[in-house]
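Q: Please take a close look at one enclosed space inside this protein, and then place that space alongside the helix packing and strand pairing found elsewhere in the chain.

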Amino acid sequence: MLTITCYCDGNCPNNIQNGTCTLKQGGQCFSQVEEFLDPETNEYITEESFGCLSPEEYSFMQCNANLVPHSHGKSIYCCNDADFCNENKIPQIISKSTIAPDPLEIITPGAPLLILTAVTLSICLLIFILTIIMIYQRYRRKERDPFLMESNQDHTLKDYIDQTSGSGSGLPLLVQRTIAKQLALEECVGKGRYGEVWLARWRGEKVAVKVFFTLEEASWFRETEIYQTVMMRHDNILGFIAADIKGTGSWTQMMLITDYHERGSLYDYLQTIVLDHTALLLICLSIASGIAHLHTEIFGTHGKPAIAHRDIKTRNILVRRNGQCVIADFGLAVRLLSESGKIDIAPNTRVGTRRYMAPELLDETLNTSSFDAFKMSDMYSVGLVLWEVCRRCATDEKLTTAEPYALPYHDTVPNDPDFDDMNLAVCVKKLRPIIPLRWENDHILSNLGKLMAECWNNNPHVRLTALRVKKTISKLRIDNSIKIV
């Protein structure tokens with residue numbers, strides 16, 4: 001059988017909840033029952049789920065071939081011998097709160113001492129044999145898996161990601177849902193038009209949880225889809241952990257769980273710090289590297305499609321502890337499907353941030369049938385972001401010459417400009433952010449000024465690519481390092 005159709009209830013591929021999913025040879029249909037503690041009632045409740053497991057997920061989850069009860073709060077049944085073979089198969093589960101009876105209690109008070117001794121010795125012998133088997137299996141696994149030799153502790157998020165994301169396509173769906181249920185929200189650290197961002201903990205580790213408003217369901221679906229793209233993981237792309245959607249007939253909660261970066265967005269960071277040349281180049285290079293990875297198509301068995309962000313701005317860029325940046329918020333992203341040559345544009349009512357929109361977006365001349373047009377629109381926004389960062393770089397050793405933080409076109413348009421405001425400034429008057437005179441006497445800032453001017457050129461075809469920007473900044477960084485030494 002080359003393919004098999006499974007019954008599913010939310011674990012369907014690509015989050016399509018149509019009641020069925022189809023797998024290629026080697027995949028498995030599954031049914032699962034899981035028990036977890038309800039924090040509100042402090043009682044154990046169970047949840048059933050059905051769906052498909054790809055061959056990679058099957059090996060990770062270690063499906064049981066038969067309906068076998070478990071005592072670990074979860075039981076999974078897998079099959080691939082017939083279509084819908086999992087539909088009416090509900091695995092049995094033994095409640096976590098159930099305590100196994102003491103074997104000695106089942107012996108009647110009048111039982112002979114010989115029987116009591118024999119039963120006790122048999123139990124001890126069985127325990128001893130099982131212990132030897134477990135030790136042996138553990139030893140064999142250590143020989144095959146170096147990770148197990150390094151740590152005997154419970155898995156951390158890094159362990160899960162390192163072990164299961166060799167193709168860079170994220171964790172198995174069941175693992176994501178399990179992580180989502182074990183979160184403890186602590187503090188709301190940000191709000192936006194899409195929803196809220198919370199600091200949360202999973203097994204003591206800090207994570208960020210983006211909770212979407214109900215009307216932003218399309219953004220949640222698109223962002224989850226983009227993050228789970230093969231080969232998406234990169235040092236300068238926000239690290240994705242899990243996504244989950246749950247609710248009842250009256251409410252729906254959509255969550256996106258990612259790495260947490262305590263320094264927050266680049267927008268907030270630039271308002272509180274003055275940069276030197278080293279910090280400036282590190283930020284600019286990491287932004288260019290992240291955008292270059294997005295824009296680049298990677299060919300091969302585990303290839304990656306080219307992706308355009310469509311909403312690049314300092315609020316959608318986060319600052320890591322080491323001073324580098326990561327690109328976030330992919331709710332508007334588009335992908336190039338190279339096999340068909342089509343551009344995958346998600347149906348989303350959001351259109352981006354007007355202040356950062358390229359001229360061809362403002363005057364509605366963008367060629368939506370050309371993927372390069374979307375990438376060049378991104379590069380216009382990158383130029384504006386570089387301008388924001390460079391203003392906060394000082395040209396003296398005492399770091400006193402930096403301009404105060406400002407948004408692009410802060411002196412040209414209102415605080416919340418509409419399309420007409422931006423079209424008049426960018427397309428009609430052809431205005432661009434003013435480059436301070438002090439940059440002319442600084443080798444780094446003057447070169448970055450020329451770079452950003454080429455990025456925000458009115459003609460999309462002559463703008464620099466992300467890879468060219470990355471290479472140019474990388475050379476400036478090398479020259480700066482030599483100068484410092």
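A: In this predicted model, the second largest cavity has a lining made up of Y227, M232, R233, I237, L238, G239 and F240. By class, that lining holds 5 nonpolar residues, 1 polar residue and 1 charged residue. Glycine is counted as polar, so G239 is the polar member of the lining, and R233 is the charged one. The nonpolar members are Y227, M232, I237, L238 and F240. The space in this second largest cavity amounts to about 30 Å³. The model has 2 cavities of 30 Å³ or more.

The helix packing can be described next. A pair of packed helices is characterised by the distance between the two axes and by the angle between them. For helix 8 (residues 277-295) and helix 10 (residues 371-391), the axes come within 11 Å and cross at roughly 170 degrees. An angle over 145 degrees counts as roughly antiparallel, and helix 8 and helix 10 are therefore roughly antiparallel to each other. On the side of helix 8, the contact is made by L280, I283, C284, I287, I291 and H295. Helix 10 contributes K375, D378, M379, V382, V385, L386, V389 and C390. Sorted by class, the contact between helix 8 and helix 10 comprises 11 nonpolar residues, 1 polar residue and 2 charged residues. The charged residues are K375 and D378 of helix 10, while the polar residue is H295 of helix 8.

The strand pairing remains. One open sheet consists of 3 strands in the order 4-3-5, with antiparallel pairing. Its edge strands are strand 4 (43-53) and strand 5 (74-79), each of which pairs on one side only. From one strand to the next, the twist in this sheet averages 15 degrees. Strand 3 (residues 28-38) is joined to strand 5 by 6 bridges in the antiparallel sense, and S31 stands opposite Y77 in strand 5.

Another open sheet, also of 3 strands, has the order 11-14-15 and antiparallel pairing. Here the edge strands, each pairing on one side only, are strand 11 (307-308) and strand 15 (342-345). Strand 11 and strand 14 (residues 334-337) run antiparallel and are joined by 2 bridges. Within this part of the sheet, A308 is placed opposite V334 of strand 14.

Methods. Residues numbered from 1 in each chain as written. Predicted model: local features only at pLDDT ≥ 70, side-chain atom pairs only at ≥ 80, totals over all residues. Heavy atoms only, no water. 1 Å grid on protein atoms, 1.4 Å probe; cavity = no way out; pocket = protein on both sides within 12 Å on 5 of 7 lines; lining within 4 Å. Points joined across faces, edges and corners; volume = space filled by probe spheres on them. Axes fitted to C-alpha atoms, helices over the stretch in contact; angles between N-to-C directions. Helix = DSSP H or I, 4+ residues; strand = E, 2+ residues; numbered from the N terminus. Parallel < 35°, antiparallel > 145°, perpendicular 65-115°, else oblique. Contact = heavy atoms within 4.5 Å. Pairing = 2+ DSSP bridges.
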